[in-house]
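Here is a small set of exercises to work through with the model open in your viewer. Try each task before you read its solution.

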Amino acid sequence: MINILFLVMCLVTISIGHKDNGMSSGLKEEDFELERQLNILNKSPIKSIHTKSGYIVDCVDINKQPAFDHPLLKNHKLQRKPIFEKNITEKSFQNSPIKPKLVLEKFRCPQETVPIRRTTKNDLIQEKLLFNAQNVTQNGAINHFARVYLTIRGSPYYGVSGTTSVWSPKVYKGQSSAGSLYVRRGGGNDLNKISVGWHAFPELYNDDQTHLFLFWTSGKKGCFNMLCNGFIQVDKSYTFGARVSKTSTYGGEIIEVPLQISQDKVGNWWLRVMNKDIGYFPAALFSSLNGAEEVGFGGYTVTPMGTNNPTMGSGHKPDSDFTHASYFRFVKYLNIVGNHFDPIPSIVDTYNDAPNCYGITNYEDKKRNQGYSLQFGGPGGKCNT
């Protein structure tokens, strides 16, 4: 009997050992893959900057940044400027009662280098969980949108621009709240989309502050900011993922930022922030984004299922006062030759899937000193009741 018990104990020990080895092997493989990605994304810096917000920004050789490791960009030649650029915002700002002002962390990188926020292992783990949260319901998350968009009737669109007020929406763990503009073509597994704007996203940044962000996807590939290779940075002062150190105050000082996404003559999609060309997405990254079939402006929120929805924008619904609710003004779209136009009624629509929580109002061009404008946002809460 003792021999039999001893044999059983040995078999159980061996079985447990095999399971532990299997789990350990799986964890090692996952950890190895994360380290491999970190080596691709974090290039040897010429200079490193430790920010007051606690993260590190590396000044990387402009010709050795992570994007050039993308399989589709192996032979890509760096483009320093858009082939064409027609800026329509500067004249408008001169006649505006509100001047563009964004208090964004700025970096002093040496010539021929660009600032890239250093990626951590935790960043990659969170990114894997959060990717596509902007577009689909994932991991039990609920999305809500309040936006004005230009429909397929007026497409193709070769860019979009506008100036938005920047706020600090109250968000909790698992939530995010954003204001952005975007270009899009396709859907499902063939979704091609670029968004740029500001958001509060604790799980992405490990804080509840407002950050400048970009998001892109082509099919099942893409990411937030620089958490995957693809976007090519050319500006040496600003970087996506940077914290906005000062935001708007209800009824008081308004902090705003002009944004633009535009496709140039060789098909690359450029992102412009504060009238500076930050960088671009090469055309080769996208399966079907030669001109967009939809462009839009507004806000969106994400929250775990079963929880109250966060605030959007300032936390107040549109009321025609641009010091109250979040806005976009001087809204334009670009045609194939780079000319900018105000939207016309026949191609404009609005979308709001949670009117109990959020509002969206399109003022069109009725507010003369604001150009073509709109407001969005609201207090959140129980949106589906």
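## Exercise 1: Strand 7 and its partners

In this predicted model, strand 7 covers residues 176-185, and 9 of its 10 residues are buried, so the strand is mostly covered by the cut-off of under 20% relative accessible area.

**Task.** Find out which strands pair with strand 7, and in which sense.

**Solution.**
- Step 1. Begin with strand 16, residues 294-304: 9 bridges join strand 16 to strand 7, and the two run antiparallel. To check the register, look at serine 177, which stands opposite threonine 301 of strand 16.
- Step 2. Turn to strand 8, residues 192-200, which pairs with strand 7 over 9 bridges, again in the antiparallel sense. Here valine 183 has isoleucine 194 of strand 8 as its bridge partner.
- Step 3. Follow the chain from strand 7 into strand 8: this hairpin has 6 residues between the strands, and glycine 186 takes a positive phi near 80°.

## Exercise 2: The open sheet

**Task.** What is the strand order of the open sheet of 3 strands, and which strands are its edges?

**Solution.**
- Step 1. Trace the pairing: the order is 1-2-4, and the pairing is antiparallel.
- Step 2. Look for strands that pair on one side only; these are strand 1 and strand 4 (113-117), the edge strands.
- Step 3. Compare directions: neighbouring strands in this sheet are turned by 25° against each other on average, with direction ignored.
- Step 4. Zoom in on strand 2 and strand 4, which run antiparallel and are joined by 5 bridges. Aspartate 61 has threonine 113 in strand 4 as its bridge partner.

## Exercise 3: Salt bridges

**Task.** How many salt bridges does the model contain, and where in the chain do the partners of aspartate 69, arginine 329 and aspartate 342 lie?

**Solution.**
- Step 1. Count pairs with a side-chain nitrogen of Lys or Arg within 4 Å of a carboxyl oxygen of Asp or Glu; the count comes to 13 salt bridges.
- Step 2. Take aspartate 69, whose salt bridge with lysine 43 has its closest N and O atoms 2.3 Å apart. The pair links distant parts of the chain, 26 residues apart: aspartate 69 is in the loop between strand 2 (56-61) and helix 2 (89-94), and lysine 43 is in the loop between helix 1 (2-41) and strand 1 (47-50). Aspartate 69 has a relative accessible area of 29%, so it is partly exposed.
- Step 3. Move to arginine 329, which meets glutamate 256 in a salt bridge at 2.6 Å, N to O. Because arginine 329 lies in strand 17 (residues 326-334) and glutamate 256 in strand 13 (residues 256-263), the pair ties together parts that are 73 residues apart in sequence. Both residues, arginine 329 and glutamate 256, are buried.
- Step 4. Finish with aspartate 342 and lysine 332, where the closest N and O atoms are 2.7 Å apart. Aspartate 342 is in the loop between strand 18 (340-341) and strand 19 (348-352), while lysine 332 is in strand 17, 10 residues apart. Aspartate 342 counts as partly exposed at 32% relative accessibility, whereas lysine 332 is buried at 18%.

## Exercise 4: The whole chain

**Task.** How many helices and strands does the chain have, and what share of its residues is buried?

**Solution.**
- Step 1. Count the elements: there are 4 helices and 21 strands.
- Step 2. Sort the 385 residues by accessibility; buried residues make up 56% of them.

Conventions. Residues are numbered from 1 along each chain as its sequence is written. This is a predicted model: local features need pLDDT of at least 70, side-chain atom pairs count only at pLDDT 80 or more; totals for chains, interfaces and linings use all residues. Side-chain values use heavy atoms; hydrogens and water are left out. Buried means under 20% relative accessible area, exposed over 50%, partly exposed in between (1.4 Å probe, protein chains only). Two strands pair if DSSP finds at least two bridges between them. Axes are lines fitted to C-alpha atoms, for helices over the stretch in contact, and angles run from 0 to 180 degrees between N-to-C directions.
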